[in-house]
Amino acid sequence: YMHSVAICALMIALARQLELPDPLVRETLDRIRRCGWAVTAVSDECTCHSPECEAPDCSFAYTTGLRLHDLPELAVYGLDARTSASVLNELGSVFHTYDWHSIVSNSVPIQLDSLEVPVTVIEMVDKSDLIVTNVLYPDAPVLQAVWPDDLGSYPSEEGYTLAPEHQFVMGVHDPRAPGGDSPRVIYPHPGMNRAQRRKAARRRR
């Protein structure tokens, strides 16, 4: 599932003018067939080396193809391309194990291997940056992974210190999130299931 590509701002502008970025869509579909889903990272790591390229105001990345797994697409802002791809791929794997509805509604933090701090996910409202996903799966729900500032505060919390350009927040946090009986923190490696524990016990005998 792990694959990312950095796309320059010029390609984004051209894609928006043409409305249908055919080469990019074909490449993404090919990656989805081979890998299950694709991650597109848009940053200052330009791949076309054009002097007309301009870096985005805030780097971001998003998935295309998780909809085929009955999951929402994902996005993250403010991280470098490689880290963004790792975050989204890990989250994609987490949502194959845990109920994403419960994670969102209860604002459950998710600890990932690719970041030192947990992320939370919010429902995205502005999906205009997600060009390829908007072409292929325009009705797909999208979640944004948000990360905390140096003090551990998230964008929806009082005292959050990051400037808007450091992490664009394109969605909304549900202030009614109750917490409930959901795990306090979700880890990408929840441990062995019952069958795996039995198999391991037999090996130890």
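Start with the aromatic rings: a search of the whole structure turns up 3 aromatic pairs. Two rings of Phe, Tyr or Trp (for Trp, its six-membered ring) count as a pair if their centres lie within 6.5 Å; planes under 30 degrees apart are called stacked, over 60 edge-to-face, and the rest tilted.

Select Phe60 and Tyr77 to see a stacked pair, 5.1 Å centre to centre with 25° between the planes. This pair links distant parts of the chain: Phe60 sits in strand 3 (residues 60-64) and Tyr77 in strand 4 (residues 73-77), 17 residues apart. Helices (H or I, at least four residues) and strands (E, at least two) are DSSP runs, numbered from the N terminus.

Before you move on, a quick word about what you're looking at. This is a predicted model, where local features need pLDDT of at least 70 and side-chain atom pairs count only at pLDDT 80 or more, while totals for chains, interfaces and linings use all residues. Residues are numbered from 1 along each chain as its sequence is written, and side-chain values use heavy atoms, leaving out hydrogens and water.

Are Phe60 and Tyr77 buried or exposed? Both Phe60 and Tyr77 are buried. Buried means under 20% relative accessible area, exposed means over 50%, and partly exposed is in between (1.4 Å probe, protein chains only). Now add Tyr62 and Phe168 to your selection: ring pairs link Phe60, Tyr62, Tyr77 and Phe168 into a cluster.

Next, jump to helix 2 (residues 22-35). Side chains of opposite charge can pair when their charged atoms come close. How many salt bridges does the structure hold? There are 2, a salt bridge being a side-chain nitrogen of Lys or Arg within 4 Å of a carboxyl oxygen of Asp or Glu.

- Pick Glu27 and Arg31, whose closest N and O atoms are 4.0 Å apart. They are 4 residues apart in the helix, so about one helical turn separates them. Glu27 is partly exposed at 35% relative accessible area, whereas Arg31 is buried at 1%.
- Pick Asp30 and Arg34, with closest N and O atoms 3.0 Å apart. Here too, about one helical turn lies between the partners. Asp30 is partly exposed at 34%, and Arg34 is exposed at 51%.

Last stop: His166, in the loop between strand 6 (142-146) and strand 7 (171-172). His166 is partly exposed, with a relative accessible area of 43%. Which residues does His166 touch, not counting those up to four places away in sequence? Light up Cys58, Gly78 and Trp147; contact means heavy atoms within 4.5 Å.
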